[in-house]
Amino acid sequence: MKTLGIETSCDETAIAIYDSEKGIVGESIYSQINMHAEYGGVVPELASRDHCSKIVKVLKNALGDHPLDSIDQIAYTSGPGLLGALLIGESFAQGLSEALDIPLIPINHLEGHILAPGLEDDNLQTPYLCLLVSGGHTQIIECSEYGSYKILGETVDDACGEAFDKVGKLLNLDYPGGPKVSKLAEGGDPTRFNFPRALMKDRNLNFSFSGLKTAVLYALDDLEEKDYPDVAASFQEAVIDVLIKKLTYAIEETGIKKLVCSGGVAANRLLRERLTDMCKTSELEVSYPKMEFCTDNAAMIAYAGFIRKKYNLKEYPTKFARPRWPLGELYD
Ligand code: KG4
Ligand code: ZN
């Protein structure tokens, strides 16, 4: 069975084909990052227009030699995300589904991230805990079975990727700052600044990153550019310390020993190293999506569509883009 996945929730126009026998057999992604970098962040109106102008070409690239009528079903991101951007993907998906007379499956973008490690890891079995760290979300989710997600904790202010991006801006790095902050940190001393680790001693599983970003802002007052690698490294260290600590609490609370880390920040090398070390010493298991499937992509959406079909999960009742779509309300 072939599922065509469509992702347009933010600044990536992406289409992929997941074949239930062979995995991903076609994929194309167009990133708008360069266009938005000029403005220091995503401009929603420009994002919608660009999705509209690129999506047909992205479809053709993803299809390659696969005829359109070999597709069995279409899965697309229905939310959460930018409304205009979502509507482009949704209208496109509806048109294709109608013309080809095949099923249309709306997918929650977060579910795509949660399931993404399954694209490589055939042994990814529920239950597992997912640390979802992206530009819009920072959550610890209990995935007790496919389609059943409980948020155990989440950020009360900035998302983790958002904090990376804001600190990137403070350090004069281009948008998105995450990968650049982490690169800059490689040459820095992570112990030089003792930045705050908010809520770390609280046993609840919530996060807060806005104070950390403000602490970086104040620290920069007395510093020069040569100090920036130390700032980046100390900031990154503080973020990772909190993520790992809260995950430890979640493991203790639930007794679940299988972990998944996904979303854009899961591409962070140091975070992966720390999680892998923690798992080795505590007899836990961790899975990540491959690097390119950490940030937004359509492979994870196609795969989520396949999983929903395979396990015959309840369909989201109305097919209409949802800019806000908390996981807990998945298919209510
Ligand atoms: O999942 P994603 O592509 O989009 C959302 O759904 O939000 O995540 C993008 C976020 C951005 O904030 C970006 O700066 C961050 O992921 N990111 C990273 C790294 N690569 C991407 N943050 C830290 N280290 C990285 N290597
Ligand atoms: Zn995402």
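**Ligand 1, two pockets and helix α8**

Mentor: A polar side-chain atom of His109 lies 3.3 Å from an oxygen atom of ligand 1. Please keep in mind that this is a predicted model.

Trainee: Which backbone atoms lie by an oxygen atom of ligand 1?

Mentor: There are two to note here. A backbone N or O atom of Gly135 is 2.8 Å from an oxygen atom of ligand 1. For Gly264, a backbone N or O atom is 3.1 Å from an oxygen atom of the ligand.

Trainee: How many residues surround ligand 1?

Mentor: Ligand 1 is surrounded by 20 residues. The closest are Gly135, Asp165, Gly264, Asn268 and Asp296.

Trainee: Turning to the pockets, how much space lies in the largest pocket?

Mentor: The largest pocket holds about 1200 Å³ of space. Its lining consists of 44 residues, and those nearest its centre are Ser134, Gly135, Gly136, Asp165 and Tyr175.

Trainee: Which helices each supply at least two residues of that lining?

Mentor: Helices α4 (109-115), α5 (160-170) and α6 (177-185) each do so. The largest share, seven residues, comes from α5.

Trainee: And by class, what does the lining of the largest pocket have?

Mentor: It has 14 nonpolar, 18 polar and twelve charged residues.

Trainee: What about the second largest pocket: how much space lies there, and which residues lie nearest its centre?

Mentor: About 230 Å³ of space lies in the second largest pocket. It is lined by 18 residues, with Gly118, Asp122, Tyr303, Ile307 and Lys310 nearest the centre.

Trainee: Where does the largest share of that lining come from?

Mentor: Helix α10 (residues 299-310) provides the largest share, which is four residues. By class, the lining of this second largest pocket comprises eight nonpolar, five polar and five charged residues.

Trainee: A change of topic: what span should helix α8 have, and how far apart are its end C-alpha atoms?

Mentor: Helix α8 covers residues 228-254, which is 27 residues. At 1.5 Å a residue, α8 should span 39 Å. The end C-alpha atoms of α8 are 39 Å apart, so the two values agree.

Trainee: Why is α8 described as largely enclosed by the rest of the structure?

Mentor: The description follows because 21 of the 27 residues of α8 are buried. Buried here refers to a relative accessible area under 20%.

Trainee: What comes just after α8?

Mentor: Gly255 follows just after α8, and this glycine takes a positive phi of about 75°.

Technical notes
Residues numbered from 1 in each chain as written. Chains lettered and ligands numbered in written order. Predicted model: local features only at pLDDT ≥ 70, side-chain atom pairs only at ≥ 80, totals over all residues. Heavy atoms only, no water. Expected span 1.5 Å × (residues − 1). Buried < 20%, exposed > 50% of the residue type's maximum accessible area, 1.4 Å probe, protein only. 1 Å grid on protein atoms, 1.4 Å probe; cavity = no way out; pocket = protein on both sides within 12 Å on 5 of 7 lines; lining within 4 Å. Points joined across faces, edges and corners; volume = space filled by probe spheres on them. Nonpolar A, V, L, I, M, F, W, Y, C, P; charged D, E, K, R; others polar. Near = heavy atom within 4 Å. Polar contact = N/O pair within 3.5 Å; in protein donor to acceptor, adjacent residues only side chain to side chain.
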